[in-house]
Amino acid sequence: MKIIVTGGAGFIGGNFVHHMVNKYPDYEIINLDLLTYAGNLETLKPVEDKPNYRFIKGDIADRAFIFELFEKEKPDMVVNFAAESHVDRSITDPESFVRTNVMGTTTLLDACRTYGIKRYHQVSTDEVYGDLPLDRPDLFFTEETPLHTSSPYSSSKASADLFVLAYQRTFGLPVTISRCSNNYGPYHFPEKLIPLIISRALADEDLPVYGTGENVRDWLHVSDHCEAIDLIIHEGRVGEVYNVGGHNERTNLEVVKTILRELDKPESLIKYVTDRPGHDRRYAIDPKKLETELGWKPKYNFDTGIRQTIQWYLDHEDWWKHIVNGEYQNYFDNMYGKR
Ligand code: NAD
């Protein structure tokens with residue numbers, strides 16, 4: 001089985017590459033990544049010498065490059081993680097989100113239908129469903145919840161999902177989609193809430209919290225997400241969407257205070273900043289379909305998962321400090337030479 005994993009130098013894609021390379025020594029795992037600011041090959045250090053792993057630098061929205069790659073490699077599966085993924089950046093530069101998240105996805109889909117594929121899997125997000133009110137804890141997103149996006153990021157992800165489903169209906173492409181809640185865990189780029197708070201708290205810097213910090217996110221450990229995708233690509237039904245989430249709802253302020261407690265840092269570091277425009281209030285996933293149909297169950301609850309994650313950041317200061325001071329961008333040149 002030859003699998004192209006796109007965006008494998010990012011947070012979740014990197015964890016997924018580790019998972020697949022270690023679990024399936026007979027598979028060939030090709031990590032295709034453009035190495036944007038969010039791509040970091042240092043994340044792949046633990047697997048880079050394994051015989052079933054290869055890295056290729058490239059852009060999923062570059063049609064000529066992608067078709068040439070598929071012609072040469074003839075992959076059995078594609079798992080598409082590659083994306084512009086930061087909501088704040090989508091507010092200042094929406095177009096790059098359309099290019100990678102929408103046009104990149106359609107380019108991959110076109111290559112799959114041209115060269116044939118056993119499975120195309122799209123890694124999507126619960127943000128495509130919009131948000132839920134804070135005073136209705138009984139409401140959850142199911143796979144039937146209408147798409148109702150708030151940000152340019154979520155709009156680009158929803159558009160991509162619609163193309164994926166249309167390619168199944170129109171061209172018979174064997175596709176699946178997973179829509180996951182917020183992930184946390186090792187190798188998370190320090191612009192996102194949890195690693196941002198850990199790295200800044202360790203340096204006794206101000207901790208920016210949007211609005212009053214009451215927005216609720218549903219947190220899932222990244223390794224539970226990787227397990228879910230592994231199950232879906234092997235056993236999921238073609239044409240289906242699967243929600244992935246672990247019922248770990250926390251307000252942003254609770255998350256920040258938990259980290260401060262674990263690091264023994266004062267709450268006076270918290271600085272409330274002007275809320276993000278269009279900020280979603282609450283996300284909460286109902287993962288029943290994945291649990292009943294495919295037998296998936298998350299292994300982590302948030303309290304133990306966050307403690308382990310904090311410990312990981314304490315044990316891997318080099319990894320995130322290289323990002324904070326920009327050194328990680330030299331890694332590719334040192335490893336593979338300038339291109
Ligand atoms: P990330 O920003 O950490 O990684 C994205 C990766 O994609 C980077 O390595 C980057 O270099 C690469 N990339 C960007 N543009 C590319 C292009 N044009 N061609 C090839 N590679 C390109 O993102 P992440 O947090 O790991 O998210 C991965 C996927 O999971 C995304 O599709 C995201 O929408 C989805 N998702 C994320 C979360 C979350 O909590 N982080 C939750 C649900 C779904």
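**Close-up views of a predicted model**

**View 1. His225 and the residues around it.** Not counting neighbours within four places in sequence, His225 touches Ile12, Val123, Ser178, Cys180, Asn183, Leu220 and Val244 (contact means heavy atoms within 4.5 Å). The residue belongs to helix H7; helices here are DSSP runs of H or I with at least four residues, strands are E runs with at least two, and both are numbered from the N terminus. With a relative accessibility of 1%, His225 counts as buried (buried is under 20% relative accessible area, exposed is over 50%, and partly exposed is in between, using a 1.4 Å probe and protein chains only). A word on what you're looking at: this is a predicted model, where local features need pLDDT of at least 70 and side-chain atom pairs count only at pLDDT 80 or more, while totals for chains, interfaces and linings use all residues. Residues are numbered from 1 along each chain as its sequence is written, and side-chain values use heavy atoms, with hydrogens and water left out.

**View 2. Helix H1 and what surrounds it.** H1 runs over residues 11–23, and its end C-alpha atoms sit 19 Å apart, which agrees with the 18 Å that its 13 residues should span at 1.5 Å a residue (the expected span is 1.5 Å times one less than the number of residues). Of those 13 residues, 11 are buried, so H1 is largely enclosed by the rest of the structure. The buried set includes Phe11, Ile12, Phe16 and Met20. Packed against the buried residues are strands E1 (2–6), E2 (28–33), E3 (53–57), E4 (77–80) and E7 (182–184), plus helix H7 (222–235).

**View 3. Asn15, a residue of H1.** Asn15 sits in helix H1 and, at 13% relative accessibility, counts as buried. Leave out the neighbours within four places in sequence, and Asn15 is in contact with Pro186, Tyr187, Val222 and Cys226.

**View 4. Where H2 meets H4.** Helix H2 (residues 63–73) packs on helix H4 (residues 94–115) at about 35°, with the axes 10 Å apart. Axes are lines fitted to C-alpha atoms, for helices over the stretch in contact, and angles run from 0 to 180 degrees between N-to-C directions. On the H2 side the contact uses Arg63, Ile66, Phe67, Phe70 and Glu71, while H4 brings residues including Leu108, Asp110 and Tyr115.

**View 5. Helix H5 and its partners.** H5 (residues 152–171) has 20 residues and reaches 28 Å from first C-alpha to last, close to the 28 Å expected at 1.5 Å a residue. Among its buried residues are Tyr153, Lys157, Asp161 and Tyr167. The buried residues of H5 pack against helix H3 (87–92), H4, strand E5 (119–125) and strand E6 (175–180). Right after H5 comes Gly172, with a positive phi near 70°.

**View 6. The three-stranded sheet with H10 on it.** This open sheet has the order E7-E9-E11, with mixed pairing (two strands pair if DSSP finds at least two bridges between them). E7 and E11 (249–251) are at the edges with a single partner strand each, so one side of each lacks a neighbour in the sheet. On average, neighbouring strands are turned by 50° against each other, direction ignored. E9 (residues 216–221) and E11 pair in the antiparallel sense over three bridges, and Arg217 stands opposite Arg250 in E11. Helix H10 (residues 302–315) packs on the sheet and touches E7, E9 and E11, its direction making about 50° with that of E7.
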